[in-house]
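The exercises below are meant to be worked through with the sequence and the coordinates at hand. Each task is followed by a solution that goes step by step.

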Amino acid sequence: VSTQSTGDDEIEDHAAVDSDEEDEMYVAGAGAAGKVQANDDDDMIAPQVTAEQWQIEVERVAPHLQLRADDVKDWRARIEVATTLLKAVDKMYPDVKTMLVRMGDDLEKNRDRIHKREETLSQQFKEHVEEYRTKLRELSTSQELHNQASGTVGGLSNDLNHITEMLERTKDEINEREAKISDNSPLMQIKDAVVKVRTEIKQMSLRIGVLQHTVLHYNLRMTREKKENRTKYSADAEDGEPEDDDDHEFSFRL
């Protein structure tokens, strides 16, 4: 039990010391700020942080600024420590201020020197700068002309492609027509058909001649048979014999 109480006392002592140090820093800062304001004849101090940064810092420090009942007992010791720190700050402030003023003067001189050097360089390179600006304007003009020419070339290229396609189609049509014109197969087919028709005509003519000859021979035979039948019929009529119809019909059919 005694060991645990001792550990708790040490933790509280460390927390008290941290709080004391923060309070001392705050008091010393406030005293230094008041003295700076008095020595600088009430000059305005411009803030170096924004409201958002200040709010973040307040949120970070707020938990450490909570007042505890144990801290109230040590207020005399805290005031003494804060007074000691304030005296130390007052003692160091003149030297620090002198260093800061010297640094500010050096920075101002360097700034003036840099400004003069910039003016000198501007005067020396003024012609080059003007020439550079002229070249930039010429480059912009050339770029615009290039863009216009590129657009024109693109349009002409499209027209050329269209014309080329039309030319290819025309060439294909001409080749097809030439192939049809130079193709002799239809003429050969017509010639073969004519030869075939002529051969068929000759065959038909021959058949017609044979048929005419057969018909003529048949007519001659029929005529001769008629004459013979008439002569025979006349002779039978004179003899008084009846005519045999069957023989007559058979001879007529022959």
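**Exercise 1.** Is Arg 133 buried, partly exposed or exposed, and what is its relative accessible area? Find also its salt-bridge partner and the place of the pair in the helix.

*Solution.* The model is a predicted one, and the values in these solutions are computed from it. Start with the accessibility: Arg 133 has a relative accessible area of 45%, and because partly exposed covers the range between 20% and 50%, Arg 133 is classed as partly exposed. Next, look for the partner, which is Glu 130, with the closest N and O atoms 3.6 Å apart. As the cut-off for a salt bridge is 4 Å, the pair of Glu 130 and Arg 133 is accepted as a salt bridge. Glu 130 is itself partly exposed, at 37% relative accessibility. Finally, place the pair: both residues belong to helix α4 (residues 126-182), and because they are three residues apart there, about one helical turn separates Glu 130 from Arg 133.

**Exercise 2.** Which residue forms a salt bridge with Glu 57, and how far apart are the closest N and O atoms? Assign an accessibility class to each partner.

*Solution.* The partner of Glu 57 is Arg 60, and the closest N and O atoms are 2.4 Å apart. Both residues lie in helix α2 (residues 51-61), where they are three residues apart, about one turn of the helix. For the classes, take the acid and then the base: Glu 57 has 34% relative accessibility and counts as partly exposed, whereas Arg 60, with a relative accessible area of 53%, is exposed, because the exposed class begins over 50%.

**Exercise 3.** Which residues are linked with Glu 108 in a network of salt bridges? Describe the contact between Glu 108 and Arg 111, and then give the count of salt bridges in the model.

*Solution.* The network links Glu 108 with Arg 111 and Asp 112. Within this network, the side chains of Glu 108 and Arg 111 meet at 2.5 Å, N to O. The two residues are three apart in helix α3 (residues 75-124), which is about one turn of the helix. Glu 108 is partly exposed at 38% relative accessible area, and Arg 111 is likewise partly exposed, at 49%. The count of salt bridges by the distance rule comes to four.

**Exercise 4.** Which residues form the nonpolar patch on the surface, and which form the negative one?

*Solution.* The nonpolar patch consists of Met 92, Val 96, Leu 100 and Met 103, which together have about 400 Å² of accessible area. Leu 100, one of these residues, lies in helix α3 and is exposed, with a relative accessible area of 54%. The negative patch is formed by Glu 168, Asp 172, Glu 173 and Glu 176, and of these Glu 176 can be placed in helix α4.

**Exercise 5.** How many helices and strands does the chain have, and what percentage of its residues is buried?

*Solution.* The chain has six helices and zero strands, so that reading along the sequence gives the pattern α-α-α-α-α-α. Of its 254 residues, 6% are buried. The accessible surface of the chain is about 22,800 Å², and carbon and sulfur atoms account for 58% of this area. As a last step, consider the contacts between residues at least 6 apart in sequence, of which 87% join residues at least 24 apart.

Technical notes. Residues are numbered from 1 along each chain as its sequence is written. This is a predicted model: local features need pLDDT of at least 70, side-chain atom pairs count only at pLDDT 80 or more; totals for chains, interfaces and linings use all residues. Side-chain values use heavy atoms; hydrogens and water are left out. Helices (H or I, at least four residues) and strands (E, at least two) are DSSP runs, numbered from the N terminus. Buried means under 20% relative accessible area, exposed over 50%, partly exposed in between (1.4 Å probe, protein chains only). Patches are made of residues with over 30% relative accessible area and no salt bridge: like charges are joined within 9 Å, nonpolar side chains (Val, Leu, Ile, Met, Phe, Trp, Tyr) within 5 Å. Accessible areas come from the Shrake-Rupley method with a 1.4 Å probe; for residues, only the protein chains shown count as cover. Lys and Arg count as positive and Asp and Glu as negative; His and the chain ends are not counted. The place of a charge is taken as NZ of Lys, CZ of Arg, CG of Asp or CD of Glu. Contact means heavy atoms within 4.5 Å.
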